[in-house]
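Subject: Structure handover

Hello,

The structure you asked about is below. My notes on it come after.

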Amino acid sequence: MISEDLIQQFIKETELFEERIRAFEAGEIDRKTFKGISGRFGCYAQREKNYMLRLRFPGGRISKEHLAFLGEKTREYPLELMKITTCQTIQVHNLSASQVVSLMREALEQGIITIGGGGDNPRNVMASPLSGADSRETFNVLPYAEAVSDYLLSRMTELHLPRKLKVAFSNTEENLTHANMRDLGFVANPDGTFSVYCAGGLGPNPKIGVLVERHGKPENVSLYVSAMLRLFTRYGEYNVRAKSRSRYLQDTLGEEGIKKEYLRCLEEAKREEISWPVFYSHPVLKNGEGEIEGPRIFPQKQPGLYGVSYHPIGGCLTRKSILVLCEVLKNIPDTEIRLSPDGTMYLLHLTAKEVPRILEATGGGGENLFETSTSCIGVPICQQGLGCSQWLLAHCIERVRKENFPDGILPRIHISGCPSGCGTHQAASLGFMGCRKKIQGETVPAFRIFINGQAKEPGSRIGEEAGILPEEVIPEFLAELGKTIQKSHKSFEEWLPENKERFSELVQELQEPPLTAE
């Protein structure tokens, strides 16, 4: 658990942030300078106006109390747009300068951290969203993710990293957190140990992480993190920002060099530090009662208890959806919420009698695989964005619904508005990345297409680029793709390996006249 002293230290730090945001509002510092300051506090100025604040939830776990706090704030401000991110945080959008400062402080008083939500800091520590509830899991990885989160937060004030550091834990072969594609990843093994990967990452120059330990001891997770911090600060690029992520160490040190130096750093950590304690602080004490089945309902590993999935389109939560959920959960004891990197929210520890109320409160989200697609926030909110990610996803769903395809014909797509890859497009079987292209001399919004990526283990792989399409034709492209696949009576993943040429033909048909890179 994070100490009260550290919380108060973070609250005191917000005084500096308040000074800087006032200076930015007054035009005394420019946007670039403000971004270099505000990122540490989990805040960024939006492209057009107002601000975004990122709330960290280690392992994607949200307690009923934290959800109630968020519901209270939606009434007070009000908050109209909140986004579940691929790092299992919630981004609160369209805040004024005064609101972002107030919410930052009030969240800290509730134990919700914003410090380190951006900038050159360790980001929210991720864990498989159904950790502790999934009957298929190797073992529960959430306690270890929470321990690592506390460890990193305790060191936040002393760290000087080249860039951000993402840490993730995975408990099943689905690998929803892309643990082996992160700066540091822990994959649960059947023997109760972790396979430890480092120096991976998505975005520009994507790489699968290097396996540096096959049977890491779970009780030493903080020491493995310390070793990564040492490796990154010792060999990371501080001068050229475009090459300052840990995955570029594979280019400079090579895989064997990384293994050698990481293990050397691990030995240093073992000599100089004591392992951070791991607490199993969320036991499931509720008793199951009754049976139920149906769409969006799944049985937990705890007999008689169920979970419900809710995927708001594009991962975007509204004020109304939060308030309705808070109202229902008030009368349901011993439940909690988990956020998934794909934008899904899971409501856990429900009896059969409680499930219908949750289903009613979470209607209106994605109802099939394609509609649970993942998207970053994109243009017009994100400063870095090149493509209108949310617009594209909404229009794709609208177009595909008209075809009434059987579930599974089209995959869950992943959309990133720019090369940064916040939509994890390179880990998807079908992904899109925002760009700008010239068509007959005119620059238009477009998206690069990526295929054949896979997070699932074994067999994880980075997607390969497969063409480019103007933004406006992608909904029709997906409709035509679905029609083609439907004739084969296969899913997209089954159809693609033997039909890459046909896939390319579909892209060519819709990208005419030819596009040329800008």
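The notes cover one run of strands, the cysteines, and then the spaces inside and at the surface.

This is a predicted model, in which local features need pLDDT of at least 70 and side-chain atom pairs count only at pLDDT 80 or more, while totals for chains, interfaces and linings use all residues. Residues are numbered from 1 along each chain as its sequence is written, and side-chain values use heavy atoms, with hydrogens and water left out.

Strands

Helices (H or I, at least four residues) and strands (E, at least two) are DSSP runs, numbered from the N terminus. Two strands count as paired if DSSP finds at least two bridges between them.

Strand S18 covers residues 430–439, and 8 of its 10 residues are buried. Buried here means under 20% relative accessible area, with exposed over 50% and partly exposed in between (1.4 Å probe, protein chains only).

S18 has a partner in strand S17 (residues 414–416): the two run parallel and are joined by 3 bridges. It also pairs with strand S19 (residues 442–451), in the antiparallel sense, over 10 bridges. Methionine 433 of S18 appears in both pairings: it is the bridge partner of serine 416, and its own partner in S19 is arginine 448. Lysine 438 is bridged to threonine 443 in S19.

The hairpin of S18 and S19 has 2 residues between the strands, and glutamine 440 takes a positive phi near 50 degrees there. S19 in turn pairs with strand S20 (residues 464–470), antiparallel, over 5 bridges. In that pairing, isoleucine 451 is matched with glutamate 464.

Cysteines

How many disulfides does a search of the whole structure find? The search gives 0, where a disulfide is a pair of cysteine sulfur atoms within 2.5 Å. For cysteine 43, the nearest cysteine sulfur is that of cysteine 382, 13 Å away. Cysteine 43 is buried, at a relative accessible area of 0%. For cysteine 198, the nearest cysteine sulfur belongs to cysteine 265 and is 9.5 Å away. Cysteine 198 also counts as buried, at 0% relative accessibility.

Cavity and pocket

Both terms come from a 1 Å grid over the protein atoms alone: a cavity is a set of points where a 1.4 Å probe fits but cannot get out, and a pocket is an open set with protein on both sides within 12 Å along at least five of seven lines; lining residues have an atom within 4 Å of a point. Grid points are joined across faces, edges and corners, and a volume is the space filled by probe spheres set on the points.

There is 1 cavity of 30 Å³ or more, and the largest cavity holds about 30 Å³. Its lining includes Tyr310, Leu317, Met345 and Thr362. Helix H9 (residues 319–329) gives the largest share of that lining, 3 residues.

The second largest pocket holds about 1200 Å³. It is lined by 44 residues, and those nearest its centre are Glu174, Leu176, Asp342, Leu369 and Arg412. Strand S12 (306–310) and helix H13 (492–495) each supply at least two residues of this lining.

Regards
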